[in-house]
Structure formats: structure tokens, C-alpha cells
Amino acid sequence: MFDELRELYQEVILDHGTKPRNHHELEAPTFRAHGHNPICGDALTVYLMVDDGGVIQDASFEGRGCAISMASASMMTEVIKGRTVADAHRLFGSFHSLCTEDDYVLEAADAADADDLERLNVLSGVREFPVRVKCATLPWHTMNAAMSGEDEISTE
Amino acid sequence: MSEVIETSDVGAGDNSMLAFDVERVRADFPILEQTVYGKPLVYLDNAASSQKPRQVIEAMNQAYETYYSNVHRGVHRLSQLSTDHFEAARQKAASFLNAASEKEIVFTRGATEAINLVATCYGRAFLQAGDEIVISHMEHHSNIVPWQLLRDQIGIELKVVPIDDDGQLMFEDYERLLSPRTKMVAMTHVSNALGSIVPIKDVIARAHEMGAAVLVDGCQAVPHMKVDVQDLDADFYVFSSHKLYGPTGIGVLYGKSDLLNAMPPYQGGGEMITTVTFEHSGYKSAPHRFEAGTPAIVEAIGLGTAIDYVTAIGMDNITAHESGLLAYATERLSQIPGLEIHGRAREKASIVAFVMKSAHAHDIGTIVDRAGVAVRAGHHCAQPVMARYGVSATARASFGIYNRRQEVDVLAAAIGQVREIFG
């Protein structure tokens, strides 16, 4: 059982979880949304700066939560920077599958996302911990809501 | 009542005549034989809901298999038997709380519905704009939100008694908040998030001096200690069955007769009326006035059996056993570097909430779960308490009658694994 825990809490996750990147507010963001998981009380705000060409120039988040949600938010903001809004939507879908589908293979994703999904694959350990899937996906749901013009999203 | 099956001789591990023996109690709980991820189950989430002894399970099965029918309706044999058992459960609840009469016991779906019932019916009859309701900072959401709903409907004000850093009610602040405008004090007897025992008898006495009624949320008190509503002089006292080793879907509202009978009904329907015409309906007196529709019959009978069960063991024995567990758990967990216990009131029930410097409560919960240990990780439906201590979540180990000292050791070892991973 300890192996599954080690698989979940890999070094990369512990590193991002304890020292999250882009963990600050963005002034005058193009999009912003607040995400909340009412079951556990975890809450975070995602900020996106998007240029006229639809490219995400900057991304950040504020909030606190478990190691999984902090690491996921941290890695998400790194991955989506420089990508288009359409890319980010697509990545969200692939990441969601990665965290929930046992038979998901990285090759199924768009070739342009291969490197990013390879990085995000460290979070796929949540598949063995169903109640923790929402921890990993909350930041992505929140980003998705922000890009869709919603102010708030609540999982469950 | 001659054919009512006597359940008072329910063999609670034969503990009634002996010193408390946790192994005999454990033998009554089939679920404790389970393994989780190959590890023996260590169930420390009793404050959320407790497990059920076979006596309760069997009593409910027996009801369904031998005498189940609707209550208070039929002239037939089974209806009479069901009614007798159902009303016997009410009598047991009355004795358990030392109510003056079983007519003061209203069956509800649980404590939440009981509080909503009082907020709605007492509020509608006796409160008006400008009146104040006093609650504490450590209420469960179920003793906050019903009063906020009432506030938004009729314009009352909510006042909140602060708690100190140890999680104790700040009594002088409570006294200062009381005024002639205070019409209701709604307070927990034991905090579900911190374990603090509130000096509820003193709280009630002060409220009565001001002419305010008092509702006590007893969910976390009745599983752990003897409660006497007449000694406390509580106006309303509520608890849920499922935290007292009984089934879900049933709870108790105790209310003084004169108050209950002065309150309008909660829901309309069958069983709560005397006569119905299209012009007018007459209502029964309490408790039936508040029990519209077919009640949770078998659940009430299960609750009655759970009450028999803990009564046979003896509430004093239970308190002593759990106090030992609390002291040992507090000592063991306090020794773990980076671990901080939330709630260090002098008077506590067997609840230990904690946080760790290195790991979030959810990560603690996930890791100890793999060691077979069930704890709650989250806000415990008490978000104001979390805000008070500046955390979003805590991990909480809560102990019941079947827990053992060695289970505290398993928890401590599992927390050791948290430290291995998170440092």
C-alpha cells in the first residue's frame, strides 16, 4: 500500500505542493474565476492574462489546499502559459481523462499536447484514490470556468 | 403492551454487571471484523457517524420480519404491535434524556430537522423583527443556517459568542451578549470540531434569567455522557440516532410540553390532525402534531434498541472508557513533531482534531486510510471554527465505545508515514 502512496506523492508533486509556482494574484487579469470544493472546503482563484490573439500570456492562482490541489494548480499554470485558450480547453479534457480513466493512454491525446501531458502524468496517481480526483481537477475546472466567462465554480 | 418484545434485556456484551470490557463491546459490532486495504479497520470517525451493534441490526430485522406495519392506523394485530414498539422507543428516548414525559419526545429525521423544526415553528410563533438569537462560534452548520433562514424571513438578529484559543466558550462574552432582546439561545453541548464541552447548564441558567428559551444541540454529547434535560432545564434538546450507534434517518427533538403545544405544526399531513374538513383542520397535541406522515418506524425502533444498548453498558462506564482514550490519544499525538492539536478545552469529549505543519488534512486522511484508519479530514461542517483558527481543514480522530488504546498506536504509526512522505 505504501507503493501506491509513493506513486501518488511523487517528489515532483511534493515539490510543487509545498512550493507552488505562480502562486500570486494577477493584477487586471483578462479572466478570473473562483473554484470551490464544498466537500473539503478547498478554494482557489485562477487568474489568466490573455492577449488579443487568444494566447495565454500569464497564468497564476491563489488559495490553499492539499498537496494534490496545490501541485495541480502550480503545474497547470506552468503548462498553459504560452498556449492558446483553445489549447487550454483541449488540455483540460485530456487531463481530466488522465485523472479518471484507468485505460487512458497518452498517445490518445493531440500530438501538440504530448510533452505537457507527459509532465502532468505524475498526477495520474489520483486514479487509485477516487475521492482525491477532484483535488487534482479543481484548478482545471476553475480555469475552464474562467475562460468560459464564469466567476465561480463549485465541484459536486 | 404485553406482547411487546422486551428489548431492555438486550445483551450489551454482558457489560451491565461487569467492569467495562472493550473486547466484549467490540464483539457486538460485526463491521469491526472488516479489513481495509488488508489492514484491520480502525474506525475513528465516530463523530461523523458511529457503527451499529448487532442488537440494533437484529431488532430492525426482527421488526421487518415479524411485526412490521404502519403505526397508529390499523385495528389489526401487526399495526398494534408496530405501534407498541414505536411508542416504546419514544418512551426509551424519554427515559434516556430523563424527560418528564414521552409526550415531550418528537421523532424527526435527525438533529438537523429537529433544529429546523424549532427555528420554523418556535420562530414563527414567538419571535419577531428585532429579537436576537445567540449562538456560539463553534456551532455545526446545522445550528447556524436554520437561524439565518429565520433571520432572513422575519428580521431577527444573530449574535455569536466567541471561543478562546483552546476552543472554550468565552462565558463572560456570552453574558455580555445576552439582553432583554435575546429570545433564544441555540448552542451545542459538545463541539463536533473541537470536542469542547460547553458548560451548558450555566448557559441555560443565564438565558432563563433573561427570559430566553434555549435549544441545545446534543449530537456529540449523548454518545459520550449522561444527559438529564430536567436537570439542565433545557427547553429543547436535539440529537441524531446515527451518532449513538443507531440507524440513520431518525433523531429526537425533546421539547418542554408547554412550549411544544404552543407551537404551530411543522408539516401538514396525516397523523398530525384531529379532524380535517375543507374549512378547517384541528391539530393533535405534541408529539404527534409534529409527526406528519408515516414516520421512520423501524429506525425509531432501532434507535430504541441503541439506547437500550448504551444504557446497559452504562453511560458512566462509557465516559470513563472514552476519557482514557482521549487522554492517551492526546498524549501520543502531542509527541509527534509538527503536529498541533486544535481544541484543548479543559472539559472535552473524545474528539482530537489536529493539523500538521508539513501536510494538509486531506493528505493525512489519505495516508492513514491506507493503514486502515478512518478519520475525518475537512471542515467538519463547522467552517467558522476553521476560520477562527486560520485553517481550511483539520484531521479529526473521534473515539467511541469500541475503540482501544492500541488503535491510537496504529493512528500514531500511520501519522509517522505522513511524516516519512511529507517530512
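The following legends describe four close-up views of a predicted model.

**View 1. Surroundings of A:Arg90 in helix H4 of chain A.**
A:Arg90 lies in helix H4 of chain A, which covers residues 85-100. With 16 other C-beta atoms within 10 Å, A:Arg90 is partly exposed, because that count falls between the limit of 12 or fewer for an exposed residue and that of 20 or more for a buried one. When residues up to four places away in sequence are set aside, A:Arg90 touches A:Asp110 and A:Asp113. A:Glu152 stands 62 residues apart from A:Arg90 along the chain, and the C-alpha atoms of these two residues are separated by 20 Å.

**View 2. Packing of helices H4 and H6 of chain A.**
Helix H4, which also holds A:Arg90, packs with helix H6 (residues 133-147) of chain A. The axes of H4(A) and H6(A) are 10 Å apart and form an angle of about 160°. The two helices are therefore roughly antiparallel, as angles over 145 degrees count as such. Their crossing is left-handed. On the side of H4(A), the residues that meet H6(A) are A:Val85, A:Ala88, A:His89, A:Phe92, A:Phe95, A:His96, A:Cys99 and A:Thr100. Their counterparts in H6(A) are A:Val133, A:Ala136, A:Thr137, A:Trp140, A:Met143, A:Asn144 and A:Met147. By class, the residues of this contact comprise ten nonpolar and five polar residues, with no charged residue.

**View 3. The two domains of chain B and the contact between them.**
In the domain assignment of chain B, domain 1 spans residues 77-311 and domain 2 spans residues 314-422. The centres of domain 1 and domain 2 of chain B, taken over C-alpha atoms, are separated by 28 Å. In the contact between them, 22 residues of domain 1 of chain B meet 23 residues of domain 2 of chain B. The side belonging to domain 1 of chain B consists of nine nonpolar, eleven polar and two charged residues.

**View 4. The contact of chain B with chain A.**
Here 15 residues of chain B are in contact with 16 residues of chain A. On the side of chain B, the elements that give two or more residues are helix H12 (361-369), helix H13 (383-388) and helix H14 (405-422). The largest share, four residues, comes from H12(B). The residues on this side of chain B divide into six nonpolar, seven polar and two charged.

Conventions:
Residues numbered from 1 in each chain as written. Chains lettered and ligands numbered in written order. Predicted model: local features only at pLDDT ≥ 70, side-chain atom pairs only at ≥ 80, totals over all residues. Contact = placed C-beta atoms within 7 Å. Domains from an automatic or database assignment. Nonpolar A, V, L, I, M, F, W, Y, C, P; charged D, E, K, R; others polar. Axes fitted to C-alpha atoms, helices over the stretch in contact; angles between N-to-C directions. Parallel < 35°, antiparallel > 145°, perpendicular 65-115°, else oblique. Left-handed = near helix turned anticlockwise from the far one by under 90°.
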